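Reader: I've got a structure open and I'm not sure how to read it. Can we go through it together?
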Amino acid sequence: GISLFAFAAFAVFAQDAGAPRMEAEGYASVDDIPETEITNLPFVISESGYYFLKTNLSLSAPGVDGIVVNADKVGIDCLGFSLLGPGEGSGHGIAQNPTNRYVMLANATLSGWCGEGKYAVHAAGGGNRIENVSAVGNSKGILCGDSSTIASCLVMSNTVQETGCGIAADTGSEVAGCEVADIAGRADSYGIRVDSNSAVRGCMVRNVTGGGSCYGILAGAVCRIENCEARSCRGGREPSAGIRAMGTSVFLENVASDNSHHGIWMAGISRAERNVLERNGAVGLHVDGPANRIEENVVVSNKWGI
């Protein structure tokens, strides 16, 4: 029968993303969901179901994606095994067709997906959940479409000639409990980036560098960033910040320290409460819009305070 992970995962999808459970369309019960072992790379998924690994898999061919998802409602449990790319010139490690939705990926390590501009996980469709995934030693880390969740992931040591990226998610998404470190791009760089109406919670970002602007955490409008840390994020030619969000956002109980420019960069109609902003190279709390609330923040040893 289907694994506990797959059953729980699809149940979570139904609750969190408004997606139908697997058995709701085309299956009499959860026991009828097809289970398929992924035995080689490249591998194309064209039917919904539960897919799993029993061993580490590697791909030597350049310019080819490791796993391609061309179906809705796909669960992939790597069960702790690795997907290893060919290094320079690779495709994406896992690529979801942007017209498909509801991919679940868990318990995977992806390394060696180093094609310029390629991601370890490029899940461009919406309503996805990526959990307990390590992306270490790639060009870029993890990307998801709208209404997605990225949880308990580790993204490290990713370097690219263009824009550096640790984790990115589209509108209405959540990034929670993730660690991002050692991200570098010759152009701009960011550790975690989310679009509007999203949340970043309980994440640690450190050592992000960019030749242009650089952000440990960058969020769109109407976002919530809480209990996060952004340390040692260093931009080049352009203004940068440990944490930045557009208007009507909330910054709650974060730490932004030792960043090259601002600690927190806040737009209008926003709220910053109980943050710690220290040893940043420009302004501890930089505010460039009206009608904000600023309360109980610790702002020390920056070039300027608030």
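Author: Sure, and keep in mind that this is a predicted model. Let's start with one residue: Ser-148 counts as buried because its relative accessibility is 1%, and buried means under 20%.

Reader: Where does Ser-148 sit along the chain?

Author: Look in the loop between strand 12 (140–144) and strand 13 (149–151).

Reader: And which residues is Ser-148 in contact with, leaving aside its neighbours within four places in sequence?

Author: Gly-125, Gly-126, Gly-127 and Asn-128 are among them, and so are Gly-172, Ser-173 and Glu-174. With Asn-128 you can look at the atoms too: a polar atom of the Ser-148 side chain lies 3.0 Å from the backbone nitrogen of Asn-128.

Reader: Okay, now the strands. How many strands and helices does the protein have?

Author: Count 32 strands and 1 helix. For a sheet, you read the order of its strands and the direction of pairing. Here, an open sheet of 11 strands has parallel pairing and runs in the order 2-5-8-10-12-15-18-21-24-27-30. Strand 2 (43–45) and strand 30 (285–287) are its edges, each pairing on one side only. From one strand to the next, the twist averages 15°.

Reader: What joins strand 2 to strand 5?

Author: 3 bridges do, and strand 5 covers residues 67–69. Within that pair, Phe-43 stands opposite Ile-67.

Reader: What about the protein as a whole?

Author: Of its 306 residues, 53% are buried. The accessible surface comes to about 11,600 Å², with 49% belonging to carbon and sulfur atoms. Among contacts with a separation of 6 or more, 59% link residues 24 or more positions apart.

Conventions. Residues numbered from 1 in each chain as written. Predicted model: local features only at pLDDT ≥ 70, side-chain atom pairs only at ≥ 80, totals over all residues. Heavy atoms only, no water. Pairing = 2+ DSSP bridges. Helix = DSSP H or I, 4+ residues; strand = E, 2+ residues; numbered from the N terminus. Axes fitted to C-alpha atoms, helices over the stretch in contact; angles between N-to-C directions. Buried < 20%, exposed > 50% of the residue type's maximum accessible area, 1.4 Å probe, protein only. Contact = heavy atoms within 4.5 Å. Areas by Shrake-Rupley, 256 points an atom, 1.4 Å probe, with all protein chains shown as cover. Polar contact = N/O pair within 3.5 Å; in protein donor to acceptor, adjacent residues only side chain to side chain.
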